[in-house]
Each structure stands twice: as C-alpha cells, then as structure tokens.
Amino acid sequence: MERVAPTTATAMSEHWNARAWKFDAAASHRRDASSWRAVFEAALGSRPQDVVDLGCGTGACALLAASLGHRVTAVDGSLEMLSHGRTAAAEAGLEIDFIHSTMDEAKLPASSTDIVTIRNVLWTLENPPAALALAREILRPGGKLLLSDGLWYRQRVNNSREIFGTNLPFYNGLTETDARALIAGAGFRSVESWRHLMPGDPYGSVYDDPDTPITFFVLTAIAPE
Ligand SMILES: C[S@@+](CC[C@H](N)C(=O)[O-])C[C@H]1O[C@@H](n2cnc3c(N)ncnc32)[C@H](O)[C@@H]1O
C-alpha cells in the first residue's frame with residue numbers, strides 16, 4: 001500500500017505539536033459541537049459500532065462518536081494534539097483508544113472497523129488517495145467512510161514544499177468535487193452529503209478573504225461488499 005505521507009510525516013507532526021495548545025479555540029474544531037453531533041448521529045447512526053478516526057487531532061470527531069455510544073480508536077501523528085484529546089476524553093468520561101502514530105504505521109488490521117472518519121486531514125497530506133485506500137482497507141465490507149474538509153484559502157501561494165519539503169496537493173483545501181473524485185477513485189459507492197444539517201457557515205470566512213465564506217463538505221460513502 002502506498003504511504004500517506006512518505007516524506008512529510010515528521011514535519012507535519014511538529015507542525016501540529018506547535019499548534020495543539022490553540023487548536024480547540026480556532027475555527028470551530030470543537031465549536032458547533034451540537035450541530036456536528038446531529039450530523040454524526042444522522043450520518044453514522046447510534047447503534048454502537050467500531051469507529052476509527054484517522055488524524056483525530058484533539059479528538060473532536062472521536063469524542064462525538066464515543067458520546068453516541070460507538071467504540072472508538074483515534075490515531076494521530078502529533079503527540080501534543082493527542083494529549084489534548086486524551087484529557088478531553090477523560091474529562092467527559094469517554095473511553096477512546098488513542099494511538100500515537102501516522103495513520104499508515106498504526107498497524108490497523110484490515111477489515112476491522114465499521115466506520116472510518118477523516119475530518120480536515122486530507123488537506124495536510126502528501127498523498128491523499130493513500131488515506132482513502134487505507135480507509136477502504138481497514139473497513140469491513142459495506143462499512144462507511146465519513147469524509148469532511150473545506151476550502152480554507154482562496155489565493156494562498158502553495159509554499160508547502162518550503163515548509164514540509166514536498167508539495168501538498170490540497171494545501172488550500174478541497175472542494176466537494178475534489179472529495180467525490182477521491183472517493184470514487186478509492187472504489188467507494190453510494191455517496192451521501194450531510195452538509196445541509198450544519199446551519200450557516202460554521203467555519204466563518206476563508207483565511208485570506210473576509211468576504212468569502214469557507215465552503216466545506218460532509219460526505220459519507222460505502223465500501224464495496
Ligand atoms: C486540521 S487537524 C484535524 C483534526 C481533527 N480531525 C478535527 O477534525 O478536529 C489535522 C490532524 O491530522 C493529523 N495528521 C496529519 N497527517 C497525519 C498522518 N499521516 N497520520 C496521522 N495523523 C496525521 C495532524 O497531526 C493533525 O492533528
């Protein structure tokens with residue numbers, strides 16, 4: 001299987017280690033929790049299932065899924081981001097299996113989970129299709145992928161090569177069209193959108209244009225039987 005971040009993983013973990021202390025206060029990562037909870041409940045259901053959250057950060061999605069009764073494993077390459085997630089889970093009395101690892105080195109077994117969530121991670125990846133291939137591999141047949149991300153910048157010069165050593169193809173973010181192409185490329189089917197359940201523009205304006213709201217998508221798709 002192709003690597004998700006063959007050359008950028010270490011620089012990426014350092015990047016998020018340095019930002020972990022302020023991440024929960026920034027652009028809605030834990031804000032709007034009740035709207036996100038409604039999305040997760042509608043999209044994933046509340047019958048307890050196995051969930052893997054790839055690139056869990058400070059645990060926003062993992063906490064939501066666990067609060068709905070799912071059994072959650074949450075993986076992240078940044079120890080500092082995970083440490084905030086661990087504290088939040090303990091405070092909420094939720095049991096989540098946090099794993100400190102890049103997602104493709106976490107040794108997640110094939111066909112071992114019912115649901116994979118990947119929110120706001122694809123834009124940080126060197127090889128986004130490999131993340132979807134990994135999701136497909138660890139999902140049981142007929143399992144569900146929840147993929148969410150947005151278009152965070154409009155005109156930022158892609159200087160990711162200078163910062164991370166390699167070009168990140170979606171450094172400014174992704175459109176729903178980009179995501180649907182990635183989902184189809186990984187062989188998922190039955191794509192559904194849940195964006196309509198999030199009122200307004202929860203992420204605010206794009207970071208380089210105060211007049212343009214951040215467009216984002218929340219999609220689910222089904223792994224082949
Ligand atoms: C923008 S944050 C999103 C966090 C969380 N999913 C959320 O929605 O709040 C991106 C996270 O992806 C993690 N990440 C990036 N590349 C990764 C990789 N290859 N393996 C595991 N985690 C990764 C980063 O460490 C960071 O915590």
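The paragraphs below go through the sheet, the helices that lie on it and the largest pocket of this predicted model.

Begin with the sheet. Strands of a sheet pair through backbone hydrogen bonds, in either a parallel or an antiparallel sense. Here 7 strands form an open sheet with mixed pairing, and their order is E3-E2-E1-E4-E5-E9-E6. Strand E3 (96-100) and strand E6 (189-193) stand at the edges; each has a single partner strand, so one side of each is left without a neighbour in the sheet. From one strand to the next, the twist averages 20 degrees.

One pairing within this sheet can be followed at the level of residues. Strand E1, residues 50-54, pairs with E2 in the parallel sense, over 5 bridges. Within this pairing, valine 51 stands opposite valine 72 in E2.

Two helices can be placed against the strands. Helix H2 (residues 33-44) lies across strand E4 (113-119), strand E5 (139-150) and strand E9 (216-222). The direction of H2 is at about 155 degrees to E5. Helix H4, residues 79-92, lies across E2 and E3 and runs at about 170 degrees to E3.

H4 also packs against another helix. Two packed helices are described by the angle between their axes and by the distance between those axes. For helix H1 (residues 9-23) and H4, the angle is about 30 degrees and the axes are 7 Å apart. Angles under 35 degrees count as roughly parallel, and H1 and H4 are therefore roughly parallel to each other. On the H1 side, the residues in contact are Trp16, Asn17, Ala20, Trp21 and Phe23. They meet Leu79, Glu80, Met81 and His84 in H4. By class, this contact has 6 nonpolar, 2 polar and 1 charged residues.

H1 leads on to the largest pocket, whose volume is about 890 Å³. Which residues lie nearest the centre of this pocket? Of the 42 lining residues, these are Trp16, Phe23, Asn120, Trp123 and Thr124. Trp16 and Phe23 are also among the H1 residues that meet H4. The largest share of the lining, 8 residues, comes from H1. H1, helix H3 (60-67) and strand E2 (71-76) each supply at least two residues of the lining. Sorted by class, the lining has 22 nonpolar, 12 polar and 8 charged residues.

Taken together, H1 packs with H4 and supplies residues to the lining of the largest pocket, while E2 pairs with E1, lies under H4 as that helix crosses E2 and E3, and contributes to the same lining.

Notes:
Residues numbered from 1 in each chain as written. Predicted model: local features only at pLDDT ≥ 70, side-chain atom pairs only at ≥ 80, totals over all residues. Heavy atoms only, no water. Axes fitted to C-alpha atoms, helices over the stretch in contact; angles between N-to-C directions. Helix = DSSP H or I, 4+ residues; strand = E, 2+ residues; numbered from the N terminus. Parallel < 35°, antiparallel > 145°, perpendicular 65-115°, else oblique. Contact = heavy atoms within 4.5 Å. Nonpolar A, V, L, I, M, F, W, Y, C, P; charged D, E, K, R; others polar. 1 Å grid on protein atoms, 1.4 Å probe; cavity = no way out; pocket = protein on both sides within 12 Å on 5 of 7 lines; lining within 4 Å. Points joined across faces, edges and corners; volume = space filled by probe spheres on them. Pairing = 2+ DSSP bridges.
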